[in-house]
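Please look over the sequence and the model below before reading on. The notes that follow are grouped by topic and are meant to be read beside the structure.

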Amino acid sequence: MSQYLSSSPSLIDLNQRSLYISALAIAFNPTFWNTVARREYHHKTLTRLFNGNSQRACYALALTIFSLGLFRDALYERALRSQPTHPFLQQPSIPYIAYALILTGNILVLSSTWALGITGTYLGDYFGILMDAPVTGFPFNVTGAPMYYGSTMSFLGTALLYARPAGVLLTGEVLLVYWVALGFEE
C-alpha cells in the first residue's frame with residue numbers, strides 16, 4: 001500500500017478549473033430541480049407558463065432536468081480527463097469493478113424510470129400528477145432512492161474506470177447532495 005501512496009505527488013490537481021466547474025454543476029442540479037418543484041407546488045409557476053397544462057409543464061421540467069444531467073455528466077468527464085491518475089486505481093481488477101458499478105447503477109436508474117414513468121420520475125407529484133399506488137417492486141424493494149444511488153454508483157464507476165482520485169472525491173459530493181435532496185423530497 002505504501003508504494004501507492006508515495007508514487008503520486010498529488011492525488012487531485014486543485015489548480016484545474018474544470019474540477020470546480022464540475023463540483024458546481026453537481027451541486028446545482030438537485031438544488032435547481034428541488035427549488036423549481038417547490039415553487040411549482042406552492043405557486044404553479046410552470047403550470048401557468050404552460051397555460052394550465054400541468055402535464056406539459058412536468059414534461060418540460062423533465063426535459064430540462066435530463067438535459068442538465070447530460071451537461072453535468074459532460075463536465076464531470078472533462079474534469080476527470082484533466083486530473084492525475086493513481087496507480088492503485090490502475091490495477092487490473094479495477095475496470096471490472098468500475099463496469100459492475102456502472103452497470104448496476106444504470107439498472108437501478110433505468111428500472112426506476114420504467115417503474116415510475118416520466119412524470120413519476122421527474123417530480124410529477126409537485127404538479128399534482130400522482131401515481132395510483134406507491135411503487136414497491138424492483139428497484140424500490142432494494143432501495144428507497146434507486147435513481148440517486150444508481151447515479152452515484154455510475155459516478156464512482158466512471159471515476160474508477162478513469163483511475164482518477166478526483167472522481168472519487170466528486171462522487172462523494174454527488175452522494176452528499178443527493179442525501180440533502182432526499183431530505184427535501186421526503
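Is R72 buried or exposed? In this predicted model, R72 counts as buried, because its relative accessibility is 9% and the limit for a buried residue is under 20%. The protein chain that holds this residue has 7 helices and 0 strands, and the points below take up its overall form, its charged pairs, its nonpolar cores, its largest pocket, the surroundings of two residues and its backbone exceptions.

**Overall form**

- Read from one end of the sequence to the other, the protein chain follows the pattern α-α-α-α-α-α-α, and its C-alpha atoms fill a box of roughly 60 × 35 × 25 Å when this is taken along the principal axes.
- Of the 186 residues in the protein chain, 40% are buried.
- Among the contacts in the protein chain with a separation of 6 or more, 83% are between residues 24 or more positions apart.

**Salt bridges**

- The count of salt bridges comes to 2, and one of them joins R72 to D73, with the closest N and O atoms 2.9 Å apart.
- The two partners of that pair can be set side by side: R72 counts as buried at 9% relative accessibility, whereas D73, with a relative accessible area of 32%, is partly exposed.
- E77 and R81 also meet through their side chains in a salt bridge, at 2.2 Å from N to O, and both residues lie in helix α4, 4 residues apart, which is about one turn of the helix.
- In this second pair, E77 is partly exposed with a relative accessible area of 23%, while R81 is exposed with a relative accessible area of 54%.

**Nonpolar cores**

- In soluble globular proteins, nonpolar side chains tend to be buried together.
- The largest nonpolar core has 30 residues, of which I26, L61, Y76, L123, F127 and Y148 touch the most other members.
- The elements that give two or more residues to this core are α2 (17-43), α4, α6 and α7, and the largest share, 8 residues, comes from α4.
- A second core, separate from the one just described, has 6 residues, including L89, I94, A98 and L101.

**Largest pocket**

- The largest pocket has a volume of about 1300 Å³, and of the 45 residues that line this pocket, T113, T121, Y122, M147 and Y148 are the closest to its centre.
- Two or more residues of the lining are given by each of α4 (54-81), α5 (94-121), α6 (146-162) and α7 (165-185), and α5 supplies the largest share, with 10 residues.
- By residue type, the lining of the largest pocket divides into 27 nonpolar, 12 polar and 6 charged residues.

**Surroundings of Y148 and E185**

- Y148, which is among the residues closest to the centre of the largest pocket and among those that touch the most other members of the largest nonpolar core, is in contact with W33, Y178, A181, L182 and E185 when residues up to four places away in sequence are not counted.
- E185 is found in helix α7 and counts as partly exposed at 27% relative accessibility.
- With neighbours within four places in sequence left aside, E185 touches W33, N34, Y126 and Y148.
- E185 and A37 are 148 residues apart along the chain, yet their C-alpha atoms are separated by 9.7 Å.

**Backbone exceptions**

- Most residues other than glycine have a negative phi, and most peptide bonds are trans.
- The peptide bond from F138 to P139 is cis, with omega near 5°, and P139 is found in the loop between α5 and α6.
- N51 has a positive phi, near 50°, although this residue is not glycine; N51 is found in the loop between α3 (45-49) and α4, where it is exposed, with a relative accessible area of 76%.
- A163 likewise has a positive phi, near 60°, in a residue other than glycine, and lies in the loop between α6 and α7.
- N51 and A163 stand on opposite sides of the accessibility limits, because N51 is exposed at 76% whereas A163 is buried, with a relative accessible area of 5%.

Technical notes
Residues numbered from 1 in each chain as written. Predicted model: local features only at pLDDT ≥ 70, side-chain atom pairs only at ≥ 80, totals over all residues. Heavy atoms only, no water. 1 Å grid on protein atoms, 1.4 Å probe; cavity = no way out; pocket = protein on both sides within 12 Å on 5 of 7 lines; lining within 4 Å. Points joined across faces, edges and corners; volume = space filled by probe spheres on them. Nonpolar A, V, L, I, M, F, W, Y, C, P; charged D, E, K, R; others polar. Salt bridge = Lys/Arg side-chain N within 4 Å of Asp/Glu carboxyl O. Buried < 20%, exposed > 50% of the residue type's maximum accessible area, 1.4 Å probe, protein only. Core = buried A, V, L, I, M, F, W, Y, C linked by side-chain atoms within 4.5 Å. Contact = heavy atoms within 4.5 Å.
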